[in-house]
Amino acid sequence: MARAIWTGVITFGLVSVPVGLYTAVENHTVHFHQLQRGTADRIRNRRVNERTGKEVSSEDIVKGYEAAEGEYVVVEPDELDEIAPGRSRTIDISDFVDLDDIEPVYFDRTYYIAPRGKDHTKVYGLLREALAEAGKAGIATFVMRGKQYLTALRADDKVLVLQTLHWADEVRDPDQELPELPSGQADKGKERDMAIQLIDALDAPWEPAKYHDTYQEKVRELVRAKAEGQEIEAAEEAPQATNVVDLMEVLQGSLDRARGTKSKESTKSRPKPRKTGSKKKTAPRKETGLQQLSKSELYQRATEQGIEGRSKMSREELIEALSGTGRRRGAGAA
């Protein structure tokens, strides 16, 4: 069972609910120790005086801000503690904004939020359902471990999710930072149309479990192979940049390959028809295209059509509800 890394309360208006903050992700990177070549001796990092070369204890280390070249303003650790805003116990929501309006570049780390005790689950659930139905995110600030964070509180399937955001002055302007950017007017010829067709051909539902960190898998394989004295197979070189002259040919080849792959996958996944001696009544056919939508997209459609109880529906239940709504509306129009 995970332990809360922060505890406090969420407040919105005059409502408050005690919560705990939990890490939502874990790192799967393969970690190495530093060794001296030819030995099993570990290498340790030490703090040394740049001028004398002697090691300095942590008690004798202070922070210095370089005001001018070679001139420092020294700041003691306790001076920073005196001006720090303490360990805040409150995630105070000041605004509710459309979740889609937050540009992805602002998102940083993700945490789960859970109620602290059964007595607070009702208020917690109320906030989660309200955020889910409104499609909003609560913007708030809070302090953890001596640092203030800007955050977005949003609803997930069953829990509230808190995502720390970068401050506005931390996000760089690409127009000022990047050396080369395309002109404002995009090409509207055949190449653009074919690029759109290629995107459509590679369109797929979001299934995070089908993606794997192949590099980390190769690192583990490398370690295993070296431990067993086996040879190591080098990776392929990166592909060459596409020549503008050959762009149409490359796009067409990519499109043909994508369509061929999709055709094979659909043939494999298509169930074989079952033979039966008697005719049976078939269930009403679901609305074409709904199966291809994610749960969030289905939920948005259910919101637009005013389907009651949608916040508690599973993905299949949303599909059934949307299919029924479509048929009723069609009959009414007729």
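A salt bridge here is a side-chain nitrogen of Lys or Arg within 4 Å of a carboxyl oxygen of Asp or Glu. Keep that cut-off handy, and remember that the model is predicted.

**Exercise 1.** Work out which residue E228 forms a salt bridge with, and what the distance between the closest N and O atoms is.

*Solution.* Start with the partner: E228 pairs with R224. Next, the distance: the closest N and O atoms are 2.7 Å apart. Because the cut-off is within 4 Å, that pair counts as a salt bridge.

**Exercise 2.** Find the residues that are linked with R224 and E228 in a network of salt bridges.

*Solution.* Go back to R224 and check its side chain again: it also meets the side chain of E221 in a salt bridge, at 2.3 Å from N to O. Then place that pair: R224 and E221 both sit in helix α5 (residues 214-227), three residues apart, about one turn of the helix. Put the pieces together and E221, R224 and E228 form a linked network.

**Exercise 3.** Classify the network residues as buried, partly exposed or exposed.

*Solution.* Partly exposed runs between the 20% and 50% marks. R224 comes in at 32%, so it is partly exposed. E221, at 39%, is partly exposed. E228, at 48%, is partly exposed too.

**Exercise 4.** Now take the salt bridge of E55 and R46: what is its N to O distance, and are the two residues buried or exposed?

*Solution.* The side chains meet at 4.0 Å, N to O. For E55, the relative accessible area is 54%, so it is exposed. R46 has 61% and is exposed as well. As for the whole structure, a search finds four salt bridges.

Key. Residues numbered from 1 in each chain as written. Predicted model: local features only at pLDDT ≥ 70, side-chain atom pairs only at ≥ 80, totals over all residues. Heavy atoms only, no water. Buried < 20%, exposed > 50% of the residue type's maximum accessible area, 1.4 Å probe, protein only. Helix = DSSP H or I, 4+ residues; strand = E, 2+ residues; numbered from the N terminus.
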